[in-house]
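Trainee: Could you take me through a close look at one part of this model, the long helices near the start of the chain and what packs against them? I would like one connected account, with the cut-offs behind each term.

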Amino acid sequence: MKVFVPTEHFSSVSKFIHIVSAVAFIAALLIMFFSPDPDSFAFGMHRSLGVLVITLYLVRITWMNWAGKPKALGTKFEKFMAHMAHMALYGILILMPLSGLLISIAKAKDTLVFGLLTIPGLAERNSGLIDFASGLHSFLEVVCYLLVFMHVGAALYHHFILKDETLSRMMGNK
């Protein structure tokens with residue numbers, strides 16, 4: 001397996017996964033604002049979207065290590081900050097759905113993923129694991145909002161203030 005092969009643009013696969021996972025993640029967040037009832041159909045969609053996001057991001061990380069990604073632009077410090085921000089985003093996009101899944105599993109509830117796959121819950125409810133996973137999920141929610149805000153802000157900063165090619169390289173436009 002290749003490890004980080006620089007390219008001029010993100011591949012079509014990387015862009016597709018980025019867009020689908022971003023839409024799924026945002027949809028999962030919005031569902032919680034409008035339908036937080038854990039027994040509702042919408043909450044089941046929230047769980048399914050979480051499983052989709054974690055799956056897509058594990059595939060994306062693997063894909064980028066194989067297919068490559070563009071080198072970061074900017075100073076050494078800016079490249080370091082961009083790398084740290086991306087690592088934090090990947091961490092959130094994996095840990096947040098994983099902690100949510102742990103909540104369901106610890107509550108001894110099966111998680112039905114889009115009606116296609118069932119992830120079984122524990123045989124018995126585990127209060128300690130529920131408390132841990134719930135606390136982690138709530139903490140990550142706050143961190144998530146900050147990271148998404150910073151990510152969008154950085155992209156806009158690159159495009160409108162620095163006027164560099166960051167967004168065009170992401171989108172594959174010349």
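Mentor: What follows begins with the whole chain and then turns to the helices, their packing and the residues around them.

This is a predicted model, in which local features need pLDDT of at least 70 and side-chain atom pairs count only at pLDDT 80 or more, whereas totals for chains, interfaces and linings use all residues. Residues are numbered from 1 along each chain as its sequence is written, and side-chain values use heavy atoms, with hydrogens and water left out.

The protein holds 5 helices and 4 strands, where helices (H or I, at least four residues) and strands (E, at least two) are DSSP runs numbered from the N terminus. Read from the N terminus, the elements run β-α-α-β-α-β-β-α-α, and the C-alpha trace spans about 55 × 30 × 25 Å along its principal axes. Of the 174 residues, 30% are buried, a term that means under 20% relative accessible area, with exposed meaning over 50% and partly exposed in between (1.4 Å probe, protein chains only).

The central part of your request is the pair formed by helix α1 (residues 12-34) and helix α2 (residues 41-67), whose axes come within 9 Å and cross at roughly 155°. Axes here are lines fitted to C-alpha atoms, for helices over the stretch in contact, and angles run from 0 to 180 degrees between N-to-C directions. The two helices α1 and α2 are therefore roughly antiparallel to each other, given that angles over 145 degrees count as roughly antiparallel, under 35 as roughly parallel, 65 to 115 as roughly perpendicular and the rest as oblique. Their crossing is left-handed, which is the term used if the near helix is turned anticlockwise from the far one by less than a right angle, and right-handed if clockwise. Sorted by class, the contact of α1 with α2 has 20 nonpolar, 4 polar and 1 charged residues; Ala, Val, Leu, Ile, Met, Phe, Trp, Tyr, Cys and Pro count as nonpolar, Asp, Glu, Lys and Arg as charged, and the others, Gly among them, as polar.

Ala 28 is found in helix α1 and is buried, with a relative accessible area of 7%. The C-alpha atoms of Ala 28 and Ala 42, 14 residues apart along the chain, are separated by 9.1 Å. For Thr 7 and Arg 47, which are 40 residues apart along the chain, the C-alpha separation is 35 Å. Thr 7 itself lies in strand β1 (residues 6-7) and is partly exposed, at a relative accessible area of 28%.

Helix α2 has 27 residues and reaches 38 Å from its first C-alpha to its last, close to the 39 Å expected at 1.5 Å a residue, the expected span being 1.5 Å times one less than the number of residues. Just after α2, Gly 68 takes a positive phi of about 95°. The 31 residues of helix α3 (residues 76-106) should span 45 Å, and the end C-alpha atoms of α3 are 44 Å apart, which agrees.

The structure holds 3 aromatic pairs, where rings of Phe, Tyr and Trp (its six-membered ring) pair if their centres lie within 6.5 Å, and planes under 30 degrees apart count as stacked, over 60 as edge-to-face and the rest as tilted. One of these pairs joins Tyr 57 and Tyr 90, which are tilted at 5.6 Å centre to centre with 45° between the planes. Because Tyr 57 lies in helix α2 and Tyr 90 in helix α3, this pair ties together parts that are 33 residues apart in sequence. Tyr 57 is buried at a relative accessible area of 4%, and Tyr 90 is buried at 10%. The rings of Trp 63 and Trp 66 have their centres 5.2 Å apart and their planes at 45°, so that pair is tilted. Trp 63 and Trp 66 are 3 residues apart in helix α2, and are thus separated by about one helical turn. Trp 63 counts as partly exposed at 25% relative accessibility, as does Trp 66 at 42%.

Beyond α3, the chain reaches Ala 108, in the loop between α3 and β3 (111-113). Ala 108 has a phi near 60°, a positive value in a residue other than glycine, and counts as partly exposed at 31% relative accessibility. Most residues other than glycine have a negative phi.
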